[in-house]
Amino acid sequence: MFRTIRKKKNEISIDTAKALLQSSRRGVLAVNGDDGYSYAIPINYIYDDDAQKIYFHGARAGYKVDALRACDKVCFTVYGNETIKEEDWAPFVQSVVVFGRCHLVESGARATTLLKRFAMKYYPSEQLVDEEIAHAGKAVQIFEIEVEYLSGKEIQER
């Protein structure tokens, strides 16, 4: 159902791809937007390898929410781990592409736990996380992407 990487020599292992997903701080979420146009936006996220899910937060209303209500199929991409190898001047960069289904995590204890876990990746202390959740936690919601397929590759940027 999902296409594999065409140039097999550029493919990275699933474990390497998952490590990039785990370590990156931002990715690009693509949804099916209005009038057949894709809508892609950068988001902060956390990746849960055990659950095979990606979690992110967002407002309770807006284009992204409308698009996800209309179609839950998404594509999510991260890139990074730029390296320069001795013999080459141009950097190598890795990327991961994820296909999956995205839906809202219903409000409640699980959503609050996920929101806190998400925030701990980006805030310097648990105290700041707790303060922010107390202040603005009701204005956001947590979404989860159920990973259906992922692949990664490394290319040289020249």
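Strands here are DSSP runs of E at least two residues long, numbered from the N terminus. In this predicted model, one such run is β3, which covers residues 46-48 and includes D48.

D48 makes a handy starting point. With a relative accessible area of just 12%, D48 counts as buried, because the cut-off for that label is under 20%. Its side chain reaches the backbone nitrogen of D50 at 3.1 Å. Leaving aside residues up to four places away in sequence, D48 also touches K53, Y55 and R117.

Zooming out, the protein has 4 helices and 7 strands, and reading along the sequence gives the pattern α-β-β-β-β-α-β-β-α-α-β. The C-alpha trace spans about 50 × 40 × 25 Å along its principal axes. Out of 158 residues, 39% count as buried. Looking at contacts between residues at least 6 apart in sequence, 72% turn out to join residues at least 24 apart.

As for the outside, the accessible surface adds up to about 9700 Å², with 51% of it belonging to carbon and sulfur atoms. Charges come as 22 positive and 23 negative side chains, and the centres of these two sets sit 4 Å apart.

Then there are the cysteines. The structure holds 0 disulfides. The sulfur of C71 has its closest cysteine sulfur in C102, but the gap is 11 Å, so that is too far for a bond. C75 is in no disulfide either, and its nearest cysteine sulfur, that of C102, is 12 Å away. C71 itself is partly exposed, at a relative accessible area of 21%.

Notes
Residues numbered from 1 in each chain as written. Predicted model: local features only at pLDDT ≥ 70, side-chain atom pairs only at ≥ 80, totals over all residues. Heavy atoms only, no water. Buried < 20%, exposed > 50% of the residue type's maximum accessible area, 1.4 Å probe, protein only. Polar contact = N/O pair within 3.5 Å; in protein donor to acceptor, adjacent residues only side chain to side chain. Contact = heavy atoms within 4.5 Å. Disulfide = S-S within 2.5 Å. Areas by Shrake-Rupley, 256 points an atom, 1.4 Å probe, with all protein chains shown as cover. Lys, Arg positive; Asp, Glu negative; His and termini not counted. Charge placed at Lys NZ, Arg CZ, Asp CG, Glu CD.
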